[in-house]
Amino acid sequence: VERARGELFEPADELWKHGRIESLADHQHILVAIRARDAEGAATAMAEHIERTRLEVRALVRQIPQNP
């Protein structure tokens, strides 16, 4: 059970390690735009963050060995 749990969360751990600096900067950009009441800037920053995260998850999934 412990091994299975480890394997389940390993991809999320890897994503956290690789993406946290970019993610923090993304969140800061989103927050700055929201505080400035810049809806368009916040929407753009959020869209960029979602796309970056999507690409990171996709790349990570491709690295996981597939069991037959």
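**Two salt bridges, checked against their cut-offs**

Reader: Why is Arg 52 called partly exposed?

Author: In this predicted model, Arg 52 has a relative accessible area of 34%. Partly exposed covers what lies between under 20% and over 50%, so the label fits.

Reader: And what makes Asp 26 buried?

Author: Asp 26 comes out at a relative accessible area of 7%. The cut-off is under 20%, so Asp 26 counts as buried. As for its surroundings, Asp 26 sits in helix H1 (residues 2-35) and touches His 49 and Arg 52, leaving aside residues up to four places away in sequence.

Reader: How do you know that Asp 26 and Arg 52 form a salt bridge?

Author: Their side chains meet at 2.9 Å, N to O. The limit is 4 Å between an Arg or Lys side-chain nitrogen and an Asp or Glu carboxyl oxygen, so the pair qualifies. Asp 26 belongs to helix H1 and Arg 52 to helix H2, so the bridge ties together parts 26 residues apart in sequence.

Reader: How many salt bridges turn up in the whole structure?

Author: The search finds two. Arg 54 and Glu 51 also pair up, with their closest N and O atoms 2.7 Å apart. That is within 4 Å, so this pair passes too.

Reader: Where do Arg 54 and Glu 51 lie?

Author: Both are in helix H2, three residues apart, or about one turn of the helix. Residues three or four places apart in an α-helix point the same way, because there are 3.6 residues a turn.

Reader: What makes the span of H2 close to the expected one?

Author: Helix H2 (residues 39-63) has 25 residues and reaches 36 Å from first C-alpha to last, against an expected 36 Å.

Notes: Residues are numbered from 1 along each chain as its sequence is written. This is a predicted model: local features need pLDDT of at least 70, side-chain atom pairs count only at pLDDT 80 or more; totals for chains, interfaces and linings use all residues. Side-chain values use heavy atoms; hydrogens and water are left out. Helices (H or I, at least four residues) and strands (E, at least two) are DSSP runs, numbered from the N terminus. The expected span of a helix is 1.5 Å times one less than its number of residues. Buried means under 20% relative accessible area, exposed over 50%, partly exposed in between (1.4 Å probe, protein chains only). Contact means heavy atoms within 4.5 Å.
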